[in-house]
Amino acid sequence: PPVILREDYRPFGWLVPEVRLDFDLGLTRTRVRAELTVQRNARADHADTIRLNGDGLKPLSVTVDGAAADWRMDGDDLIVPLREDAHLIAVETEIDPTANTQLMGLYASGGMLCTQCEAEGFRRITFFPDRPDVLSVYTVRMHGPKAVFPILLCNGNRVAEGDNDDGTHWAEWNDPWPKPSYLFALVAGDLVANSKPFVTCSGREVECNIWVRKEDLARTDHALESLHRSMQWDEEVFGREYDLDLYNIVAVSDFNMGAMENKGLNVFNTKYVLADPDTATDADFDAVEGVIAHEYFHNWSGNRVTCRDWFQLSLKEGFTVLRDQLFSQDMRGEAVKRIEDVRILRAAQFPEDAGPLAHPIRPDSYREISNFYTATVYNKGAEVIRMMRSMAGVERFRAGTDLYFDRHDGEAATCEDFVRAIEDGAGLDLAQFRLWYSQAGTPRVSVSQKVEGDSLELTLRQTVPATPGQPDKQPMPIPLRVAVHSRAAAALGAEQLVVLAEAERTFTLPLSGPDPVVSINRGFTAPVVIERALDREDLVFLAAHDDDPFARSEALQELAVGHLVGTASGTLSADQQAAGEAAIIGAFRSSLADAALDDAMRGELMMLPSETYLFEAMATGERKADPGAIHAAREGLKAAIGSALADELGALHARASAVPLDDPAGRGARKVKTQALVYLAAADPGRTAKLAAQQYDAADNMTDRQGALMVLCGLDCPERDERLAAFHARYKDNALVVDKWFTLQALSLHPDVIAQVRALAEHPDFTMRNPNRVRSLYMAFAGNPQGFHDASGEGYRMIADVILALDPINPQTAARFVPSLGRWRRIEPARAALMKGELERIMAAGKLSRDTFEQVSRSLE
Ligand code: DPP
Ligand code: ZN
């Protein structure tokens with residue numbers, strides 16, 4: 001498959017101001033007639049043909065201005081000669097939605113029809129210039145059997161509808177806003193809606209609907225409320241008002257991604273719509289709210305201003321992730337949300353940026369764009385824009401985004417356009433900052449300090465590691481919020497923002513007393529790794545006393561990372577080992593006892609760094625990560641905490657168990673309740689199995705039930721099998737909860753997890769045809785370090801088998817499993833050889849999709 005380069009971008013030769021689509025809908029046979037009004041693009045080179053992209057389509061008829069055209073095929077694309085400056089092209093195609101297992105284009109899901117067009121799915125529906133810089137006004141007519149498809153939905157507004165005598169009906173929709181083809185959507189099926197109007201800041205009433213199958217209707221209130229909150233927040237915080245009279249969200253159970261922001265007709269994975277306390281955890285509620293907000297915010301950052309080409313994906317995704325993060329911070333508290341977001345960045349993006357698939361947030365090349373919907377483009381993209389916001393301040397940043405929306409409304413823009421608008425609107429010089437868009441790799445900042453009179457000289461040095469195709473890097477501006485505290489005086493210094501723009505620079509900061517302790521990258525202002533060797537006592541001090549809650553949790557993480565990596569690599573003496581453990585236990589004891597903390601924050605402080613993050617920390621220089629040693633060290637520390645603090649954790653569990661479900665403190669209580677079980681289980685499995693079973697039996701909500709079952713799944717005890725069976729029996733008709741049942745077992749700490757996952761693959765509820773189900777078992781397993789990295793290589797083989805089996809069915813989802821194997825270079829040699837061997841086996845199988853081929857070949861380069 002060819003490599004597509006960013007520098008090769010050329011404007012398309014033709015404009016397509018209007019599109020008319022006519023669908024004759026059927027589950028196994030849908031006829032599509034497309035009429036495109038095309039005009040020569042004065043800004044592009046003259047062309048005497050038009051290339052209409054297709055993917056697996058055959059043209060049934062092609063006419064130009066009503067006459068049969070002299071068309072030809074070039075691969076999958078349709079080439080039509082055009083002589084004049086304006087024409088009307090009409091093309092007919094026929095597709096089989098039921099045979100569409102890739103879930104791109106028009107497909108059948110549970111008896112309904114729906115679409116997914118981003119990035120290049122529209123070309124599987126009809127021939128079209130399927131690129132985001134071709135913007136058209138769409139008018140769509142749908143026709144089909146009313147009994148099968150009582151509800152017919154499309155983008156924009158319904159302008160007409162009617163019934164025919166033969167049991168069919170039709171509807172016509174018009175979307176007044178010009179849009180690229182990737183934002184097209186159509187839904188036809190037997191659906192019901194939860195509806196509630198929203199009145200915008202200018203007083204317009206918007207009809208908001210959450211469409212689901214009848215049996216799911218009772219679990220849609222949270223989604224609808226989240227939509228209203230998002231609409232309100234975007235008016236208040238970014239000055240963005242919704243621009244149609246209708247906002248439809250449809251939930252479908254077969255979906256490759258989380259959700260899709262199609263104009264006026266979002267299509268969602270059911271996972272991010274349905275929620276009630278009996279079936280969804282507190283974290284699920286948060287995810288629904290976050291994804292509803294994300295897709296809603298795309299209406300401006302993505303739809304009104306779209307992307308010129310797919311290299312600019314972070315223009316809409318990075319910015320929209322930042323917007324949804326800020327929204328969730330406002331809804332649920334800044335510190336906890338920030339800690340969660342940083343944890344995700346470190347667990348998913350840092351490893352990506354350090355591996356063979358590393359790419360800048362604005363990539364330079366791709367073979368298959370689906371492979372670039374990554375943590376780098378999304379989450380690091382959000383961090384990069386967050387840095388601009390930190391440097392500008394909230395108000396000036398808002399002036400920059402206002403200018404951006406104003407300047408580029410109705411256009412297909414670039415990342416460069418965004419940066420320039422922030423520069424002009426916020427009054428920042430971002431010349432050097434643009435490197436964040438072009439350089440991959442997580443910068444490392446090393447810190448050293450020296451007292452000079454009554455100030456502190458803080459010397460910061462940055463290096464940006466080499467990444468594939470980018471051997472040499474330049475220093476980038478790194479904004480860091482810092483404060484200099486004094487341990488001896490128990491005094492907290494004032495915070496300030498410093499920007500490290502050079503390879504090395506010394507900053508002079510005021511002291512707040514003797515024995516200074518630097519609190520740095522507070523709030524995680526920059527997505528970098530801080531390298532420093534801070535005394536254990538200093539970290540304990542920061543963990544207990546820093547006034548930035550994020551910095552408190554960071555200090556604890558730093559303490560744990562140093563101890564665990566030291567333990568795993570065998571570099572600690574017995575004394576250091578014991579002292580490190582004691583310090584961590586002491587810090588845990590303080591956070592358990594600290595009455596000023598709320599449980600939501602306490603729950604964060606009780607989380608140890610993830611094993612994937614520890615791999616990254618261990619794999620520095622020549623040293624490789626040893627998954628077995630990391631796992632043993634981390635489990636050992638959990639057991640030590642659990643036994644040293646057994647009384648405190650037991651008391652915490654009892655206190656939290658007394659808080660009722662809808663108490664405002666209930667969420668935090670549920671979080672620490674299960675955390676307490678996690679540590680107690682590591683120390684005393686027998687007793688904890690009983691406590692977890694009690695929590696399970698007493699639970700009146702999914703958070704407690706799932707938490708208890710998660711702990712039980714890791715234990716070898718009769719309570720485990722009984723509660724797993726009860727859980728399945730209770731929820732066997734609820735696909736999203738059955739997904740949880742698979743995930744809990746695939747993620748478990750049980751020593752037989754590999755055999756258990758093999759057995760689950762044979763369970764009657766398992767299928768390779770549903771992405772949620774595949775992910776619930778195998779993505780969870782690939783994220784279970786103990787099972788996946790089993791020294792036998794069985795885990796690697798299982799994931800490679802999944803990739804091979806899934807690739808012909810759903811290449812986009814299959815390719816998502818490759819990165820876990822692709823990390824072999826940072827793993828110790830014996831496992832690395834096994835991982836690489838599996839990648840080679842996949843490569844040798846031949847006939848791979850473009851998606852999987854690209855990921856596997858890059859992972860082996
Ligand atoms: N654009 C979708 C989202 O991130 C994914 N295709 O919202
Ligand atoms: Zn998005």
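Domain bounds, as used here, come from an automatic or database domain assignment. On this basis the chain of the predicted model is divided into domain 1 (1-190), domain 2 (306-438), domain 3 (444-532) and domain 4 (732-861). The centres of domain 2 and domain 3, taken over C-alpha atoms, are separated by 23 Å. Contact between these two domains involves 14 residues of domain 2 and 14 residues of domain 3. On the side of domain 2 that touches domain 3, two or more residues are given by each of α4 (334-353), α5 (375-392) and α8 (435-438). Helix α5 provides the largest share of that side, with five residues. Classed by residue type, the side of domain 2 that touches domain 3 has nine nonpolar, two polar and three charged residues.

An open sheet is formed by eight strands in the order β6-β5-β9-β3-β2-β12-β15-β14, with mixed pairing. Its edge strands, each pairing on one side only, are β6 (67-68) and β14 (157-163). In general, the strands of a sheet pair through backbone hydrogen bonds, either parallel or antiparallel. Strand β2 (residues 14-24) pairs with strand β3 (residues 30-40) in the antiparallel sense, over nine bridges. A hairpin of five residues joins β2 to β3, and F23 has V32 in β3 as its bridge partner. Strand β2 also pairs with strand β12 (residues 136-145), here in the parallel sense and over seven bridges. Within this pairing, the bridge partner of E18 is V137 in β12. Towards the β14 edge, that strand runs antiparallel to β15 (residues 168-179), and six bridges join β14 to β15. Residue E161 stands opposite A171 in β15.

A UniProt annotation from an unreviewed entry, "domain: Peptidase M1 membrane alanine aminopeptidase", covers residues 223-433. Over residues 223-433 the chain is 55% helix and 9% strand. The C-alpha atoms at the two ends of this stretch are 38 Å apart.

Ligand 1 is surrounded by E118, M257, A259, M260, E261, H294, E295, H298 and E317. Two elements give two or more residues to this shell, namely β21 (259-260) and α2 (282-297). By class, the shell around ligand 1 consists of three nonpolar, two polar and four charged residues. The charged residues are E118, E261, E295 and E317, and the polar ones are H294 and H298. The nonpolar residues of the shell are M257, A259 and M260.

Definitions and conventions. Residues numbered from 1 in each chain as written. Chains lettered and ligands numbered in written order. Predicted model: local features only at pLDDT ≥ 70, side-chain atom pairs only at ≥ 80, totals over all residues. Near = placed C-beta within 6 Å. Helix = DSSP H or I, 4+ residues; strand = E, 2+ residues; numbered from the N terminus. UniProt positions renumbered as here; feature names shortened; annotations may be inferred. Pairing = 2+ DSSP bridges. Contact = placed C-beta atoms within 7 Å.
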